[in-house]
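Student: Could you take a close look with me at the aromatic rings in this structure, and at the nonpolar surroundings in which they are found? I would like one connected account that I can follow with the model open beside me.

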Amino acid sequence: MGGEVIPRSKRVRLELPVSRLPTGTMMSLPVTVISGKRPGPRLWLSAAIHGDELNGVDIIRRVVKALKPHRLTGSVIAVPVVNIFGLLEQSRYLPDRRDLNRSFPGSARGSLASRLAALFMREVVSQCTHGIDLHTAAIHRTNLPQVRADLENPAAYRFAQAFGAPVMLHASHRDGSLRQAAAKRNIPILVYEAGEALRFDADAIQTGVEGIYRVMDYLGMYPPPESVASIDTLEAWESRWVRASRGGIWHRSASLGDVVKKRQPLGFITDTFGDKPVQVRSSLAGVVIGHGQNPLVNQGDALVHVARCQPDNPLDQARLDQEGQSDAPPSTPDNAV
């Protein structure tokens, strides 16, 4: 990687040159490679593809700090900040406003986003057998800890199950996403979504750390700490944002993880004096996996993200009331990755 050969049972820090700033300062991609004592799966961990999504940065820090190379089978390639430019600006995007997660697999002759994507594909993805990409919700939103994957793919399905997030959500591939680019190379990849932008969330971080340990245990790479227990996971094959029917002040009553019925009130919208309240109801039965944080809303703004869980799953049957679910087709989740 980066022209270096990483010996077994070693932890190596690399800086992969990306581009110079207008000031002439070289920007580099920080990478830590932990090479195990024995050959085996090669797992990459990436975060901050969107530069304002920070939970994954601390998740990777905690995992990398704890791993012992002599106990590891295979290799872990950790990239805690992929969008180094966005991180400096505390922005989702690169300086030219491009979304890095719509720029894969990239091109060495393209835009800055395209070149950074190509570098990541060449130096990281091409080296690996599996990947976990860590995200949060977009700005002014928050997400329940969840993994998103192509659950119709048996390898990705088992991978998602192994992670053990509270919810595993089927998500089709988005054009230009890292997940799509990895899938085209037949590399199973999970996207972990938890918390909100520009904030550390202790529960979201801990859930992510434990999920990575479960995955490494599943792959036969590393024994998890005794404190990492199994977790019940809800399986969801569709989700929908409930949107504001009018502009005003949003008073949310639903919280992350709440189980809701179809037509159940999720909150209400009023004018600035609190008059003329309009109730907002769920359009389907399921579990709340995300919601907006800003009480100031315009008509059409996304308010609450509800996932309908797999009705054939006995666990989900026990946890969710399926009565009266809508037969309307699902919408693509906002900020899908």
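Tutor: A residue is called buried when its relative accessible area is under 20%, exposed when the value is over 50%, and partly exposed in between. Phe-120, at 0% relative accessibility, therefore counts as buried, and Phe-104, at 5%, counts as buried as well. Please keep in mind throughout that this is a predicted model, and that the values below are computed from it.

Let us begin with the rings themselves. The structure holds 4 aromatic pairs, and one of them is formed by Phe-104 and Phe-120, whose ring centres lie 6.3 Å apart and whose planes make an angle of 75 degrees, an arrangement that is edge-to-face. Phe-104 belongs to the loop between α2 (84–89) and α3 (112–123), whereas Phe-120 belongs to helix α3 itself, so the pair ties together parts of the chain that are 16 residues apart in sequence. Ring pairs also bring in Trp-44, which is linked with Phe-104 and Phe-120 into a cluster.

Phe-104 deserves a second look for its backbone, since the peptide bond that leads from Phe-104 to Pro-105 is cis, with omega near 5 degrees. Pro-105, like its partner in that bond, is found in the loop between α2 and α3.

Turning to another pair, we find both Phe-163 and Tyr-192 buried. What kind of pair do the rings of Phe-163 and Tyr-192 make? Their centres are 5.2 Å apart and their planes stand at 35 degrees, so the pair is tilted, because planes count as stacked under 30 degrees and as edge-to-face over 60, with the rest called tilted. Phe-163 lies in helix α4 and Tyr-192 in strand β8, so this pair ties together parts that are 29 residues apart in sequence.

A ring can also have a charged side chain over it, and here Arg-141 lies over the face of Trp-241, at 4.6 Å from the ring centre.

Phe-163 now leads us from the rings to the nonpolar surroundings. The largest nonpolar core has 37 residues, and within it Ile-132, Phe-163, Ile-212 and Met-216 touch the most other members. The elements that give two or more residues to this core are the strands β3 (38–47), β4 (73–79), β5 (130–135), β6 (141–149) and β8 (189–195), together with the helices α1 (55–66), α4 (154–163) and α6 (202–218). Helix α6 gives the most to this core, with 7 residues. If we follow Ile-212 and leave aside its neighbours within four places in sequence, we find that Ile-212 is in contact with Leu-45, Ile-59, Val-63, Ile-132, Leu-134 and Phe-163. Apart from this core lies another, of 35 residues, and among its members are Leu-16, Val-33, Phe-104 and Leu-119, so that Phe-104, which we met in the edge-to-face pair, is part of this second core.

Some residues outside this story make a useful contrast. Ser-9, in the segment before β1 (10–20), has a positive phi of about 60 degrees although it is not a glycine, and at 31% relative accessibility Ser-9 counts as partly exposed. Leu-198, found in the loop between β8 and α6, has a phi near 60 degrees, again a positive value in a residue other than glycine, and Leu-198 is partly exposed, with a relative accessible area of 24%.

Finally, it helps to set these details within the whole chain. The secondary structure comes to 7 helices and 16 strands, and 54% of the 337 residues count as buried. For a chain with 337 residues, a compact globule would have a radius of gyration near 20 Å, and the chain has 21 Å, which agrees. The C-alpha atoms fill a box of roughly 65 × 50 × 30 Å along the principal axes. Among the contacts with a separation of 6 or more, 69% are between residues 24 or more positions apart. The accessible surface of the chain comes to about 14,800 Å², and 49% of that surface belongs to carbon and sulfur atoms.

Conventions: Residues numbered from 1 in each chain as written. Predicted model: local features only at pLDDT ≥ 70, side-chain atom pairs only at ≥ 80, totals over all residues. Heavy atoms only, no water. Core = buried A, V, L, I, M, F, W, Y, C linked by side-chain atoms within 4.5 Å. Buried < 20%, exposed > 50% of the residue type's maximum accessible area, 1.4 Å probe, protein only. Helix = DSSP H or I, 4+ residues; strand = E, 2+ residues; numbered from the N terminus. Contact = heavy atoms within 4.5 Å. Phe/Tyr/Trp six-rings, centres within 6.5 Å; stacked < 30°, edge-to-face > 60°. Lys NZ or Arg CZ within 6 Å of the ring centre and 35° of its normal. Rg over C-alpha atoms; globule rule 2.2 N^0.38 Å. Areas by Shrake-Rupley, 256 points an atom, 1.4 Å probe, with all protein chains shown as cover.
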